[in-house]
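Thank you all for making time this morning. I would like to walk through one model with you, going from the whole chain to a few helices and then to some single residues.

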Amino acid sequence: MSLISLLTAYSEASAEALSPLTFHLSSLALYINWNPDGIIIDGLPFRWYSMMFLIGFTIGYFIFKKYLIREKAPLEWLDSLLMYMVIATILGARLGHCIFYDWDYYSQHPLEMILPVKFDPFRFTGFQGLASHGGAIGIVFALWLWTRNHYKGQIFWVLDRMVIPTAMVGGFIRLGNLFNSEIVGQPTEQPWGFIFRQLGEDFARHPVQLYESISYFLIFVLLSWMYWKTDARLKRGRLFGMFFLTIFGARFLLEFVKRSQGGFEDALGGVLTTGQWLSIPLILMGLYFVLRPMKKQPEYVFQQPKQRATTTKSKRKKAKK
């Protein structure tokens, strides 16, 4: 069974097994009381974060497939691209968290960076701790490797299209954080504040995970509009730049209402959070690709499998002559 078949079956089972999510109104402040262990499917527990992650990637797979169909690109790219993206996202985000946010610990326990366990005492933990900045860097690096093997010299063709569903996946991942009461906001008296009972709290906080999720879904809509309704897809690097500018621009602003996640921010005077410091170079990179002059490139004509087979046969005939 292919990887996408497994992801599709999992997301369908998850949707059927969703339990009701309950909201309570207390002193004009919403609070959530969701099960952090997620749901049970065939006796196996699934966390909300993992479920949102897989649902996002499954939907992203079919979105990217539409781009390949529209531009007559080889559909056999899909499975290998999905594999590269999943591995790069998890590995990059994991290393990003360990290096940027908890280096003091993981520098003394390097194996725990890449293994879903803790050794002292030994216990299975899963990959607890993923950083979006590391995930973004990992994705760019992985797609560079992928293009070297499948589509040399055209990395921006792949990046410009891959960042669109990536924004949508980011929205689902932040919903997973919300369901698990992770990456919470600062205290607030606003009527839409959430009281995170799972954290043992009785006061409202900004639901910053929801803010980020909505922002990323809106950015996905913006990028989709640029791809389908404008000539942005013909300007290599334009969609890629817009993704980094908007995603990490939103992240920079929302860090002001987010509880500190630690990292190296204190070493730099505590003026900005670690997430803001990491966002600045990515915002500047995005701004460069958005503002630099770009000429429209012609639509790329992909060589289909039959054409490649015919070309190979003709070369063999010529070689015999």
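Let me begin with a term: a residue is called buried when its relative accessible area is under 20%, exposed when it is over 50%, and partly exposed in between, with a 1.4 Å probe and with protein chains only taken into account. By that criterion, buried residues make up 48% of the 321 residues in the chain. Please keep in mind that this is a predicted model, in which local features need pLDDT of at least 70 and side-chain atom pairs count only at pLDDT 80 or more, while totals for chains, interfaces and linings use all residues. Residues are numbered from 1 along each chain as its sequence is written, and side-chain values use heavy atoms, with hydrogens and water left out.

The chain has eleven helices and eight strands, where helices (H or I, at least four residues) and strands (E, at least two) are DSSP runs numbered from the N terminus. When I speak of contact, I mean heavy atoms within 4.5 Å. Among contacts between residues at least 6 apart in sequence, 67% join residues at least 24 apart. The chain exposes about 17,100 Å², of which carbon and sulfur atoms supply 64%; the areas come from the Shrake-Rupley method with a 1.4 Å probe, and for residues only the protein chains shown count as cover.

Let me turn to helix 6, which covers residues 132–150. The expected span of a helix is 1.5 Å times one less than its number of residues, so the 19 residues of helix 6 should span 27 Å, and its end C-alpha atoms, 26 Å apart, agree with that. Its buried residues are H133, G134, G135, A136, G138, I139, A142, L143, W146 and T147, and these pack against helix 3 (77–100), helix 7, helix 9 (238–254) and helix 10 (274–291).

How do helix 3 and helix 6 pack? Two packed helices are described by the angle between their axes and the distance between the axes. Here the angle is about 145 degrees and the axes of helix 3 and helix 6 are 7 Å apart, the axes being lines fitted to C-alpha atoms, for helices over the stretch in contact, with angles running from 0 to 180 degrees between N-to-C directions. On the helix 3 side the residues in contact include W77, Y84, M85 and F100, and on the helix 6 side they include I139, L143, L145 and W146. The residues of this contact divide into twelve nonpolar, nine polar and no charged, with Ala, Val, Leu, Ile, Met, Phe, Trp, Tyr, Cys and Pro counted as nonpolar, Asp, Glu, Lys and Arg as charged, and the others, Gly among them, as polar.

Helix 9 is the next element to look at. Its 17 residues should span 24 Å at 1.5 Å a residue, and its end C-alpha atoms are 24 Å apart, which agrees. Of those 17 residues 15 are buried, so helix 9 is largely enclosed by the rest of the structure. R251 is found in this helix and, at 6% relative accessibility, counts as buried. Leaving out residues up to four places away in sequence, R251 touches Y101, S132, H133, R174, E212, Y216, K258, G275 and S279.

Moving to helix 8 (residues 208–229), we find S213, which is buried at a relative accessible area of 1% and which, apart from its neighbours within four places in sequence, is in contact with G171, R174 and L175. F217 is also found in helix 8, but it is partly exposed at 25%. With residues up to four places away again not counted, F217 touches M168, G171, F172 and L175. Its C-alpha atom is 8.5 Å from that of V169, with their positions 48 residues apart in sequence.

I will finish in the loop between helix 7 (155–179) and strand 7 (194–196), where S181 is placed. S181 has a positive phi of about 55 degrees although it is not a glycine, and it is buried, with a relative accessible area of 6%. I183 lies in that loop between helix 7 and strand 7 as well, with a positive phi of about 50 degrees although it, too, is not a glycine; at 21% relative accessibility, I183 counts as partly exposed.
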